[in-house]
Amino acid sequence: MKLEINNLSRHFGKLRAVDDISFSLGDGEVVGFVGPNGAGKTTTLRIVATLDEATAGDVLLDGISLLDYPEHARRQIGYMPDALPEHADMTAHEYVDFFGRAFGFRGAALHEAVAEVESFTGIESFRDQTLKKLSKGMKQRVSLARALVHRPSLLVMDEPANGLDPRARIELRELVQALAESGKAILISSHILAELGEMCSSVVIIEKGRLMGSGTVATLANDTQDRQQLLVRALVPAAELLRALLETPGVTEAFQRNETCVATVAAGNEALAAILGSLVARGLPVVEFRPEQIGLEQVFMRVTRGEIA
């Protein structure tokens, strides 16, 4: 399965909620969809889920336009909205069963499909409770079961971790990883960037409806920085190492962090090699020397400008 979003736009009058964005994903990929409030994330996800229409551009699923053939797409897409509707008189099992029937499952096939997703999402223990009595975490599990009951190849998740406690977020992350390992393509938006960075094979960052960057976190980090932080440890007192770093060409600043020193240097392997060579030439027994990894939160702050539509 391959999803392609090509020059997609969605306008509401003069407001360009989505403004000419393009990206793609395929089987087993988890793509994080990131942006500030009002950036156009939910609008884009609703278009992919065939719940909204684009003003321009197209969305292709295995080369077939979702905009022209939405019924074809709905069989292959599972959509998990940011909130589960609270039907006061419907149990979790009845809710999932209803959507299984809506997708044409009957008899033994229906029972098998519902039992499969109830087991996978862990809702068996509260399947007979009404939706209004469930906790936020339980509701998210029911919502995920509903999105998976027809066995889609693409899962679209809008803020699935919103409002979850730490344990529920960890459990959600494990479910997403298991789905990716089974071959499903997953497009997921979230404000919890640290966790999203751990789950995703790549990210797409938008702001004010426009694409600001896409790729792996490592690639985006390299593309958006001209300086990097270097972690250094040696078999000498940290104060001595710090003094040596501050005297080394190419180090703009440095500070001590417990027994390790952190130095700000130019980006790139050539700068790292030169600094390591200088330290070794001074006779310092370096035992740890590595650039500090930049996470999704830092990349997001560098790529975006703090604008809203």
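**Close-up 1. Helix H11 against the sheet, in a predicted model.** Helix H11, made up of residues 296–303, lies across three strands, namely E3 (30–34), E9 and E10, and its direction is at about 35° to that of E9. Two of these strands, E9 (residues 202–207) and E10, run antiparallel and are joined to each other by five bridges. Within this pairing, Ile 205 has Gly 213 in E10 as its bridge partner.

**Close-up 2. The open sheet of six strands.** Following the sheet from one side to the other, the reader meets the strands in the order E6-E7-E8-E3-E9-E10, with pairing that is mixed. Strand E6 (77–80) and strand E10 (210–215) stand at the edges and have a single partner strand each, so that one side of each is left without a neighbour in the sheet. From one strand to the next, the twist averages 15°. As a general point, strands of a sheet pair through backbone hydrogen bonds, and they may do so in either the parallel or the antiparallel sense.

**Close-up 3. Strand E1 and its pairing with E2 and E4.** Strand E1, which covers residues 2–12, pairs in the antiparallel sense with strand E2, residues 15–26, over eight bridges. One of the positions to look for is Lys 2, whose bridge partner in E2 is Gly 26. Two residues lie between the strands in the hairpin of E1 and E2, where Gly 13 takes a positive phi near 65°. E1 also pairs with strand E4 (residues 56–61), again in the antiparallel sense and over five bridges, and here Ile 5 stands opposite Val 59 in E4.

**Close-up 4. The surroundings of Thr 43 in helix H1.** Thr 43 has its place in helix H1, which is formed by residues 41–48. With a relative accessibility of 16%, Thr 43 counts as buried, because the cut-off for that class is under 20%. When residues up to four places away in sequence are not counted, Thr 43 touches Arg 10, Phe 12, Ala 17, Val 18 and Asp 52.

**Close-up 5. Tyr 69 in a loop.** Tyr 69 is found in the loop between strand E5 (64–65) and helix H2 (70–74). Its relative accessibility of 52% places Tyr 69 among the exposed residues, because that class begins over 50%. Tyr 69 and Leu 110 are 41 residues apart in sequence, and their C-alpha atoms are 25 Å apart in space.

Terms used
Residues are numbered from 1 along each chain as its sequence is written. This is a predicted model: local features need pLDDT of at least 70, side-chain atom pairs count only at pLDDT 80 or more; totals for chains, interfaces and linings use all residues. Side-chain values use heavy atoms; hydrogens and water are left out. Two strands pair if DSSP finds at least two bridges between them. Helices (H or I, at least four residues) and strands (E, at least two) are DSSP runs, numbered from the N terminus. Buried means under 20% relative accessible area, exposed over 50%, partly exposed in between (1.4 Å probe, protein chains only). Axes are lines fitted to C-alpha atoms, for helices over the stretch in contact, and angles run from 0 to 180 degrees between N-to-C directions. Contact means heavy atoms within 4.5 Å.
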